[in-house]
Amino acid sequence: MKYRQVRTFAEAHAQGVTQVSFSPDGALLASSDLSGKMCIWDPSTGELLHFYTAGTSILSLLWADSDTIICGLADGTIVKMIIGDQEDVSVEGKWCHAYPVEHLALTGRLLASGAHSEVFVWDMAQVGDLFALEREVDPPTTSGDEVLATGLHWGTNRTHWRTSNILLVTYMSHGIYIRFSLCHPHCPRFRASSSLSPDAVHIAVANMVNGFDVYNLDTGAIVLSLFHKVGKQYPAPVLYVHGGNAILGGSTAGVLDLWYVEGALSRKMQTLPVPGEPHQFTSGPPSFIRYLRGQSSLRNHGTWAPHFTSRRQANG
């Protein structure tokens, strides 16, 4: 199996791309950047269908369904955007965090959001409230290291886990937390971006030193290490692909590596060149970017008046 380039998208983003995400049906592709611009593409043709601009960087993005996009902004706001026919677009936002919202994860009606040390779970189905706070996840006990959430995942379909609402949180210096309780706090390397296997048995984590480590979530043991040229020590993206049979890993060295993985076995299948020296990655937010924190009360999550402008691209 080999990857080949099949589509090049127009240079619509003037600043670093922070996220790309396919709609559930694969019909649309959304991308966002540090300037606050979000583009909606037709992936089959590369045509730019819509673009929207916010007053601040868009750092996280996911599709709730084929018409609804959830975005996390640098000012702590979470935005819900419903894309209708023609130019009918509904945008609602709510100030939710005192820090930039770099991570989002959705399962059913529950939305998890991560911003620096803050991890909250929201109920999206409460009548009259865009995002109702379901619970605040306690941060790990710190011994002087900065608490920084680097990934959120909902686990499902484990034989001894009877509910799908299992939240996994990775922290830069404090380990991996499962179901809001400490699981595996000690590791010799930094843990940056992460990806959960489809069967929720393993989690792949960028270590920012020499590649990626794969952990067994039952035992906490590293079952596999994938080594490659990291480049600058920024959080590089990692992603399970092909039903969990392969891992795609990024770097700042101008390459993406693809490994076949099975248990404790791995084989590098392909190295994909990336022009230039990428500092932003499409499968993960730029967690290394620091923003000036604002003064806020975590108990006062106020509705936000979204400053979004939109434009539908003319056909032809």
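Across the whole of this predicted model, a search for aromatic pairs returns 3 of them. In one, phenylalanine 9 meets tryptophan 41 edge-to-face, with 5.1 Å from centre to centre and 65° between the planes. The partners come from distant parts of the chain, 32 residues apart: phenylalanine 9 belongs to the segment before β1 (17-22), and tryptophan 41 to strand β3 (residues 37-42). Their surroundings are worth a look too. Phenylalanine 9 has 29% relative accessibility and therefore counts as partly exposed, whereas tryptophan 41 is buried, at a relative accessible area of 3%.

Another of the pairs brings together phenylalanine 212 and tryptophan 259, again edge-to-face. Here the centres are 6.0 Å apart and the planes make an angle of 70°. This contact also links distant parts of the chain, since phenylalanine 212 sits in strand β19 and tryptophan 259 in strand β23 (residues 255-262), 47 residues apart. Both phenylalanine 212 and tryptophan 259 are buried.

Strand β19 leads on to the sheet that contains it. Four strands make up this open sheet, in the order β17-β18-β19-β20, with antiparallel pairing. Because β17 (194-196) and β20 (222-227) stand at the edges with a single partner strand each, one side of each has no neighbour in the sheet. From one strand to the next, the twist averages 15°. Within the sheet, β18 (residues 202-206) and β19 (residues 211-216) run antiparallel and are joined by 5 bridges; valine 205, for instance, has aspartate 213 in β19 as its bridge partner.

A ring also meets a charge in this model: the charged end of lysine 37 sits over the ring of phenylalanine 51, 4.7 Å from the ring centre.

Terms used:
Residues are numbered from 1 along each chain as its sequence is written. This is a predicted model: local features need pLDDT of at least 70, side-chain atom pairs count only at pLDDT 80 or more; totals for chains, interfaces and linings use all residues. Side-chain values use heavy atoms; hydrogens and water are left out. Two strands pair if DSSP finds at least two bridges between them. Helices (H or I, at least four residues) and strands (E, at least two) are DSSP runs, numbered from the N terminus. Axes are lines fitted to C-alpha atoms, for helices over the stretch in contact, and angles run from 0 to 180 degrees between N-to-C directions. Rings of Phe, Tyr and Trp (its six-membered ring) pair if their centres lie within 6.5 Å; planes under 30 degrees apart count as stacked, over 60 as edge-to-face and the rest as tilted. Buried means under 20% relative accessible area, exposed over 50%, partly exposed in between (1.4 Å probe, protein chains only). A charge sits over a ring if NZ of Lys or CZ of Arg is within 6 Å of the ring centre and within 35 degrees of the ring normal.
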